[in-house]
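This report sets out the architecture of a protein model for the bench reader. Please consult the sequence and the structure shown below alongside the text.

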Number of protein chains: 2
Amino acid sequence: MTTTTQTRKPGARARLIAAAERLFYAEGIHAVGVDRLCAEAGVSKRSLYQHFGGKDDVVTAMVQARADEFGRQLTGENRSPRGRVLVVFEALDRGSEAPDFHGCPFVGAVTELKDRDHPAARLAREQKNRLTEYFQAALIDGGARDPGLLAPQLTLIFDGASAHAMMHFGSTPATRQAVETLLSAHGM
Amino acid sequence: MTTTTQTRKPGARARLIAAAERLFYAEGIHAVGVDRLCAEAGVSKRSLYQHFGGKDDVVTAMVQARADEFGRQLTGENRSPRGRVLVVFEALDRGSEAPDFHGCPFVGAVTELKDRDHPAARLAREQKNRLTEYFQAALIDGGARDPGLLAPQLTLIFDGASAHAMMHFGSTPATRQAVETLLSAHGM
DNA sequence: GTCGAAGTACACCGATCAGTGTACTTCTGA
DNA sequence: TCAGAAGTACACTGATCGGTGTACTTCGAC
């Protein structure tokens with residue numbers, strides 16, 4: 001029960017994951033070494049290798065942590081079906097304006113890792129499916145025509161908008177307009 | 001005139017850029033060292049530093065080369081306005097099916113470099129603008145309503161489709177359908 | 001009070017990183 | 001033919017890479 005029990009101060013593992021989320025996203029996975037990671041986490045190198053099998057394992061745990069947060073955000077509680085779709089793009093718009101925005105962390109991880117079979121890449125891929133399923137559920141609730149087609153289209157827009165924001169330092173009104181056009185084309 | 005004159009065998013510079021296009025795309029910019037790059041190009045390390053200021057300079061030249069090829073492909077000759085839009089997505093669909101597809105090289109470069117002011121990142125950004133302008137010109141020719149809004153939306157779909165193909169090993173029919181929906185929503 | 005788990009400090013490993021210095025060869029154009 | 005440009009071979013730099021071995025400390029539970 002040691003892992004689930006609440007401790008006063010965050011353990012080495014948690015601090016390493018937090019530092020990995022920050023550094024790998026801001027500077028890149030290959031650009032940040034384990035020495036640097038440990039230093040920023042305030043954790044000894046020895047501890048890293050007691051909690052993780054290696055750097056790749058830290059990367060996987062970091063993506064897993066991102067996935068957990070993503071799942072937690074993906075509720076759309078107290079919203080209409082249409083609102084549950086739009087809330088995703090509103091959140092992206094907000095995030096895009098931050099000066100340290102570097103695109104979708106899941107797409108970024110796969111881009112850097114290249115290896116499609118990397119455990120972290122598998123996790124990242126699952127998050128895209130999760131987003132599409134979230135959209136689809138909202139679309140079904142809203143009575144949209146062909147939710148199975150519209151849902152992946154919204155994920156397409158999401159990833160395109162992420163890329164745009166990364167390349168051009170901010171969001172574009174074209175995103176919202178595209179979502180509206182696609183929604184109304186499907187009677188929603 | 002030495003640089004513009006056609007020589008029998010490709011020089012060291014050209015071979016380095018060709019190797020850089022291949023290796024940096026397939027394995028990542030940070031994952032490929034200069035020794036490795038020179039070995040694959042069949043060029044001595046000394047020659048690299050005679051032609052380029054450093055690795056960053058090679059990266060920039062590689063993105064420039066990609067940009068030149070991109071511009072050459074972006075003609076859409078002998079096509080209807082609508083066809084000039086669709087040909088872009090047909091080309092992406094074809095490229096997406098390759099097992100060594102890793103998404104848009106321009107987005108990938110910016111993702112890896114992080115630094116928005118890097119010369120290669122600037123070049124990459126310009127290519128996105130170029131694509132949007134290409135779309136806009138075709139849309140104007142086709143008499144679309146609000147080409148200034150629709151064009152960036154098509155670029156959004158393009159980048160979303162690239163990301164999807166990288167994450168899921170191939171294209172999706174949702175892309176084409178989304179393009180059709182947006183086009184017809186703008187009377188084209 | 002003591003025992004074990006958790007964590008730290010730090011030196012160390014071979015490999016690779018980007019980049020340089022020096023001396024040699026190979027090709028080409030006048 | 002011969003000068004100069006283009007390129008190669010290779011040793012070498014200091015820094016960093018991911019990862020390990022060993023000995024020490026800190027701290028909470030029983």
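## Surface and charge

About what area does chain A expose, and what percentage of it do carbon and sulfur atoms supply? In this predicted model, the exposed area of chain A is about 8800 Å². Carbon and sulfur atoms supply 50% of that area.

The charged side chains of chain A comprise 23 positive and 22 negative ones. The centres of these two sets lie 4 Å apart.

## Fold of chain A

Chain A contains nine helices and zero strands. Along the sequence, the pattern therefore reads α-α-α-α-α-α-α-α-α, where a helix is a DSSP run of at least four residues. Taken along the principal axes, the C-alpha atoms of the chain fill a box of roughly 60 × 40 × 30 Å.

Chain A has 188 residues, of which 54% count as buried. Contacts between residues at least 6 apart in sequence were also examined for this chain; 68% of them join residues at least 24 apart.

## Nonpolar core

The largest nonpolar core has 128 residues. Within that core, the residues with the most contacts are Leu37(A) and Leu37(B).

Which residues does Leu37(A) touch, not counting residues up to four places away in sequence? On that basis, the partners of Leu37(A) are Leu16(A), Ala19(A), Ala20(A), Leu23(A), Phe24(A), Val32(A), Leu48(A) and Val58(A).

## Relation between the two chains

A turn of 180° with a shift of 0.0 Å along the axis lays chain B on chain A, with an RMSD of 0.0 Å. This is the relation of a two-fold axis. The same surface serves both copies, as 100% of the contact residues of chain B recur in chain A.

Which residue of chain B comes closest to the rotation axis? By its C-alpha atom, that residue is Gly160(B), at 2.0 Å.

## Asp159 and its surroundings

Asp159(A) has its place in helix α8 of chain A, which covers residues 147-168. Is Asp159(A) buried or exposed? Its relative accessible area is 5%, and because buried means under 20%, Asp159(A) counts as buried.

Leaving aside residues up to four places away in sequence, Asp159(A) touches Val107(A) and Lys128(A), as well as Gly160(B) and Ala163(B). One of these partners, Gly160(B), is the residue of chain B that comes closest to the rotation axis.

How values were computed. Residues are numbered from 1 along each chain as its sequence is written. Chains are lettered from A and ligands numbered from 1 in the order in which they are written. This is a predicted model: local features need pLDDT of at least 70, side-chain atom pairs count only at pLDDT 80 or more; totals for chains, interfaces and linings use all residues. Side-chain values use heavy atoms; hydrogens and water are left out. Helices (H or I, at least four residues) and strands (E, at least two) are DSSP runs, numbered from the N terminus. Buried means under 20% relative accessible area, exposed over 50%, partly exposed in between (1.4 Å probe, protein chains only). Contact means heavy atoms within 4.5 Å. Accessible areas come from the Shrake-Rupley method with a 1.4 Å probe; for residues, only the protein chains shown count as cover. Lys and Arg count as positive and Asp and Glu as negative; His and the chain ends are not counted. The place of a charge is taken as NZ of Lys, CZ of Arg, CG of Asp or CD of Glu. A nonpolar core is a set of buried Ala, Val, Leu, Ile, Met, Phe, Trp, Tyr and Cys residues joined through side-chain atoms within 4.5 Å. Copies are superposed by least squares on the C-alpha atoms of residues with pLDDT of at least 70 in both.
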